Amino acid sequence: DTTDKCYKFLGKSTLNRSITQCEQLNSVVTMIRSAEENQALMDIWTNTTAARVKIYLGARRTGSGKLDFKWLDGTNITYNSYALAQMTNSGGIENCLELFIGRGRSDSGVWNDVRCDGTVEIGVCEKPKR
């Protein structure tokens with residue numbers, strides 16, 4: 001295992017609903033701090049199913065720039081896997097981040113900006129391993 005975190009995959013949800021569900025589990029919406037964590041989430045999902053998925057990340061847009069995001073705990077994003085061509089803030093309402101995962105897909109592992117109230121994405125909670 002390459003990460004010191006435990007993950008719980010939730011169902012399709014909005015970001016706010018994911019935040020609430022994670023809090024009820026004494027955890028937070030996943031905040032990816034390294035390439036190893038990004039890969040670990042991809043591996044966990046693809047070892048379980050071949051389905052393509054979009055996962056909400058625990059971040060919000062903090063400014064008008066296309067890469068102005070911070071983690072929900074207020075810390076800066078120091079590692080990212082942005083799909084730069086997709087980071088468009090379409091309509092000025094894509095204020096959250098999602099991670100694409102799909103076995104054999106060229107966009108697997110990349111991040112995209114997305115609406116926070118969509119329900120295509122699933123939530124993932126994280127907490128430190130004991």
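This short talk covers the aromatic pairs in this structure and one charge over a ring. Keep in mind that the model is predicted.

Start with the count. The structure holds four aromatic pairs. Take Trp-71 and Trp-111. Their rings sit edge-to-face. The centres are 5.8 Å apart, and the planes meet at 70°.

Where do Trp-71 and Trp-111 lie in the chain? Trp-71 is in strand S4, residues 69–71. Trp-111 is in strand S6, residues 111–114. That puts the two 40 residues apart, so the pair links distant parts of the chain.

Next, accessibility. Are these two tryptophans buried or exposed? Trp-71 has 3% relative accessibility, so it counts as buried. Trp-111 is at 0%, so Trp-111 is buried as well.

Now to a second partner of Trp-111. Tyr-82 pairs with Trp-111, with ring centres 5.7 Å apart. Why is this pair edge-to-face? Because the planes stand at 80°, and over 60 degrees counts as edge-to-face.

Look at the location too. Tyr-82 is in the loop between S4 and strand S5, which spans 96–101. Trp-111 is in strand S6, so this pair ties together parts 29 residues apart in sequence. Tyr-82 has 13% relative accessibility. The limit for buried is under 20%, so Tyr-82 counts as buried.

Put the rings together. Which residues form one aromatic cluster? Trp-71, Tyr-79, Tyr-82 and Trp-111.

Last item, the charge. Arg-52 lies over the face of Phe-100. The distance to the ring centre is 4.9 Å.

Notes
Residues are numbered from 1 along each chain as its sequence is written. This is a predicted model: local features need pLDDT of at least 70, side-chain atom pairs count only at pLDDT 80 or more; totals for chains, interfaces and linings use all residues. Side-chain values use heavy atoms; hydrogens and water are left out. Rings of Phe, Tyr and Trp (its six-membered ring) pair if their centres lie within 6.5 Å; planes under 30 degrees apart count as stacked, over 60 as edge-to-face and the rest as tilted. Helices (H or I, at least four residues) and strands (E, at least two) are DSSP runs, numbered from the N terminus. Buried means under 20% relative accessible area, exposed over 50%, partly exposed in between (1.4 Å probe, protein chains only). A charge sits over a ring if NZ of Lys or CZ of Arg is within 6 Å of the ring centre and within 35 degrees of the ring normal.
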